[in-house]
Amino acid sequence: MPDYHDDLRLAHVLADAADATTMDRFKALDLKVETKPDMTPVSEADKAAEELIRGHLHRARPRDAILGEEYGIEGTGPRRWVIDPIDGTKNYVRGVPVWATLISLMEAGENGFQPVVGLVSAPALNRRWWAAKGAGAFTGRSLTSATRLQVSKVERIADASFAYSSLTGWEEQGRLDGFMDLTRACWRTRGYGDFWPYMMVAEGSVDICAEPELSLWDMAANAVIVQEAGGRFTGLDGVDGPGGGNAAASNGTLHHELLGYLNQRY
């Protein structure tokens with residue numbers, strides 16, 4: 001099993017730098033926000049954080065490729081860093097503290113690129129989560145001050161807590177009926193949104209979560225953290241990993257039922 005400790009240490013360094021940049025502009029009255037062609041917002045902090053991370057990676061890992069939400073792909077090769085400088089930009093620009101920098105290292109394999117390192121840093125919540133393939137998943141403020149993550153042992157949908165982001169995408173895809181059936185079958189539902197539901201699945205405080213439309217940078221870090229905590233992360237088609245354009249995450253035990261509800265009337 002490859003040792004990704006140095007890559008994980010680098011991810012923490014990258015996150016520390018990004019956190020300083022994003023927190024400096026969080027709730028700034030003069031924050032500049034633009035609308036991208038896909039009608040989603042991007043702030044000056046998104047761009048600054050990604051530029052900073054790319055600069056660090058160019059110096060520390062010059063042979064690795066980089067894929068980021070704001071500036072696309074550069075470089076080639078079997079190792080690719082995947083960056084979402086601010087996951088939850090809409091929250092960020094409105095002063096809601098639920099946003100995070102997502103950093104992942106993906107490696108090429110038989111089934112294409114798969115994440116081997118993932119880190120999610122939410123400085124406004126004072127939380128950080130990370131994982132490396134084969135080494136487990138953890139939360140804390142540093143590699144030396146951390147608690148190991150473990151998914152829940154809930155075995156029935158009727159006892160499950162389900163987290164999601166919004167209803168819009170499910171309706172657009174014609175999956176809203178199945179989604180609503182799932183919410184009625186669960187013990188509890190909450191719309192925490194963005195990265196946070198996946199981290200709660202990894203922590204065992206939420207049992208299932210799903211989103212109907214996502215990009216790779218939204219999922220890569222989350223996927224390896226959930227998997228290393230003992231859970232499953234797939235597309236809505238049930239294929240493991242973050243490559244499906246959508247996501248379903250669970251404690252593993254509930255995964256088949258989760259997918260069944262979301263696909264039953266599709």
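This tour visits two pockets, one after the other. The model on your screen is predicted.

**Stop 1: the largest pocket**

Start by selecting T40, K90, D194, E213 and D218. Of the 32 residues that line the largest pocket, these are the closest to its centre. The space here comes to about 940 Å³.

Next, colour the elements around it. Select β5 (79–87) and α3 (89–94), then α4 (168–172), and finish with β13 (208–211) and α7 (216–228). Each of these supplies at least two residues of the lining.

Which element gives the largest share of this lining? Go back to α4: it provides four residues.

Now colour the lining by class. Charged residues number 13, polar ones 10 and nonpolar ones nine.

**Stop 2: the second largest pocket**

Move on to the second largest pocket. How much space lies there? About 220 Å³.

Select its lining in three steps. Take P2, Y4, E107 and A108. Add Q114, P115, V116 and K133. Close with Q227, D240 and G241.

Then show β6 (100–109) and β7 (112–122). These are the elements that give two or more residues to the lining of this second pocket. The largest share comes from β7, with three residues.

Colour by class once again. In the second largest pocket, five lining residues are nonpolar, three are polar and three are charged.

**Last view**

Show both pockets together. Keep α4 highlighted for the largest pocket, where it gives the largest share of the lining. Keep β7 highlighted for the second largest pocket, where β7 gives the largest share.

Note on methods:
Residues are numbered from 1 along each chain as its sequence is written. This is a predicted model: local features need pLDDT of at least 70, side-chain atom pairs count only at pLDDT 80 or more; totals for chains, interfaces and linings use all residues. Side-chain values use heavy atoms; hydrogens and water are left out. On a 1 Å grid over the protein atoms alone, a cavity is a set of points where a 1.4 Å probe fits but cannot get out, and a pocket is an open set with protein on both sides within 12 Å along at least five of seven lines; lining residues have an atom within 4 Å of a point. Grid points are joined across faces, edges and corners, and a volume is the space filled by probe spheres set on the points. Ala, Val, Leu, Ile, Met, Phe, Trp, Tyr, Cys and Pro count as nonpolar, Asp, Glu, Lys and Arg as charged, and the others, Gly among them, as polar.
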